[in-house]
Amino acid sequence: MCGIVAYLGQREAYPILINGLKRLEYRGYDSAGVALMQNEAIVLHKCKGKVADLEELCRDKDVSSHLGIAHTRWATHGEPNDKNAHPHLSENGKLALIHNGIVENYLVLRKELVRRGYQLVSDTDTEVVVHLIEDIYKNEQVDLAEAVRLALVGVVGTYALAIISAENPNQLIVAKRGSPLLIGIGDNEYFIGSDGAPIVEYTKNVIYLQEGELAILSLGQDIVIKNSKNKAQRPYLEKLEISLEQLEKGNFEHYMLKEIFEQPNAIKDSMRGRINTRKDMVSLGGIIKYEEKMLNAKRFIIAACGTSWHAGLVGEYLFESLVRVPVEVEYASEFRYRNPIINEDDVLIVISQSGETADTLAAVELAKAKGATVIGICNVVGSTMARNTHAGSYTHAGPEIGVASTKAFSAQITVLSLMALNLAHKKGKIPLSQYHRLISDLEAIPDKIQEILMQNDYIKEIAKFVAQTSNAIYMGRGVNFPVALEGALKLKEISYIHAEGYPAAEMKHGPIALIDEAMPVIVLATEQETYEKVVSNIQEVRARKGKIISVVSKGDTLVKEMSDYAIEIPLTEELLTPLLSCVPLQLLAYHVALLRGCDVDKPRNLAKSVSVE
Ligand code: F6R
């Protein structure tokens, strides 16, 4: 949510900042801006729209500078327009600030600043911070870094921010609480990013700023890091675990398509080193220390949001079928405010691609406070979730840039499958033959996805029909029900067609009233225990003239004959079906969105990492 990039060094800052903003644009794209230090003065350019609009705005301007901060915004407070775009300037124009997060007490701070005569020009929560810093700097006889620290003591909420001052043209100050911020260390130069994407091109040496820390970066001087109590902290250098190639689109038209096609490899990477060659042991190194807790858990609670929540629902089937321990799947946003009953022998599993989703992180803290064990499944190495959970397993799907989550979903299900298999085997809950069969089937998934991807052109044809409609229904049963929800979410978020997912049998309890000849019904009718029941559900839809697009197992004839379009997927163990059945639905949503002229990678109103409540 919002992208932050900054540079201080010997190079030209502007190209680094613009390039960085483009790499971060998936985090928010309703406005963008840059503040550059030029001859001991701050020059500001910002506008509504995408980074390309900012580039256009700056086309004929002098942008030479060696210090700058830049921002791409996902609006929370104040509509997306020029004046609300970051950076924000202090009243005397000598300070510029960019911010990611939310200042919860901004109204109180704003009132106080207005009382003191400050004129705020935007509707944002951020602007108060820069005025507050100026006020302290002017009145308290402290240096800028201390003014920033003191101002942040008065801020309630979350932030990752970067500040420059015309009085210190060779200094950059950054601070973090609740939103990620990385400092890339070059040769007497610093690169700042709200994730590694804008940094990796220049250096892999990074410092992940910790909660409440503030860093003072000055040319020709060592980095100074302080905590919120003004105590110096030792910088801890880490290696960025992403490559530039992973951040590029390659030959694909969109990141989303690239990421759908990356799934065979993403799943292989999720399994890599976790299944031994004799297939008699699954082990997840990251959770070994807490495995005993997991084996003795009386209950698993899975908390997540959006697509990750759908993966959690698949996890419920996996854990309950294999491990035979009760599972509850919770929307993290509801869980945190429900005063839930959490016991010390509960294990909370949180799932997140970004590892920065505010609600999911709040669930982590809540469960930890109640003494439960918290296990994370996340994709971004070094993310807040990875740091704040007791233990966890990375999905290793590689960076996911397309706003609609695809490969992260299948990688999450892969990790959940491995976890469930490991626990079920160690608890003696499944026969060895089933354990081995499931492992073999899991290992065969990447090749089977490859087969499905070969139907891309056929799915494009089906998309022509769906693209003309304004509603769609997705139906599935059992382990395919969460896939129906996920298919519907994919379609609505990128094509803006209203879509709903239902457990197929629920149709006649209400939603069937929606069916007419214009309604596409996408049915997951693969070989599974409830296959016959799904066939009946399809008949009910057909009787009302609904159009059937089915996802069936290879060799199926019955449902195929009943369908207007049928997509075949290879056979696998029922519990692993979601890893295959999700793929055609991702491709369908992609092609429908493309046909409708939508910006697939940057759907309206959305941003990749929802780090605010
Ligand atoms: C949908 C999508 C979102 C995310 C949700 C959680 O395609 O991307 O629904 O799944 O915002 O994000 P993470 O997984 O980063 O916690």
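The domain assignment, automatic or from a database, divides the protein chain into domain 1 (2-246), domain 2 (249-452) and domain 3 (455-600). The C-alpha centres of domain 1 and domain 3 are 45 Å apart. This is a predicted model, in which local features need pLDDT of at least 70 and side-chain atom pairs pLDDT 80 or more, while totals for chains, interfaces and linings use all residues. Residues are numbered from 1 along each chain as its sequence is written, and side-chain values use heavy atoms, without hydrogens and water.

The ligand has 15 residues around it, counted when a heavy atom lies within 4 Å. S308, S352, S354, T357 and E493 come nearest. By class, this shell holds 5 nonpolar, 8 polar and 2 charged residues; Ala, Val, Leu, Ile, Met, Phe, Trp, Tyr, Cys and Pro count as nonpolar, Asp, Glu, Lys and Arg as charged, and the others, Gly among them, as polar. Domain 2 (249-452) and domain 3 (455-600) each supply at least three residues to the shell.

Polar contacts (pairs of N or O atoms within 3.5 Å) reach oxygen atoms of the ligand from backbone and side chain. A backbone N or O atom of Q353 lies 2.7 Å from a ligand oxygen, and a polar backbone atom of S405 is 2.9 Å from a ligand oxygen. From K490, a side-chain N or O atom is 3.0 Å from an oxygen of the ligand. On its own the ligand has 410 Å² of accessible area (Shrake-Rupley, 1.4 Å probe), of which the protein covers 89%. Two or more shell residues come from each of α10 (306-323) and α17 (481-495), helices being DSSP runs of H or I with at least four residues, numbered from the N terminus.

Conventions
Polar contact = N/O pair within 3.5 Å; in protein donor to acceptor, adjacent residues only side chain to side chain.
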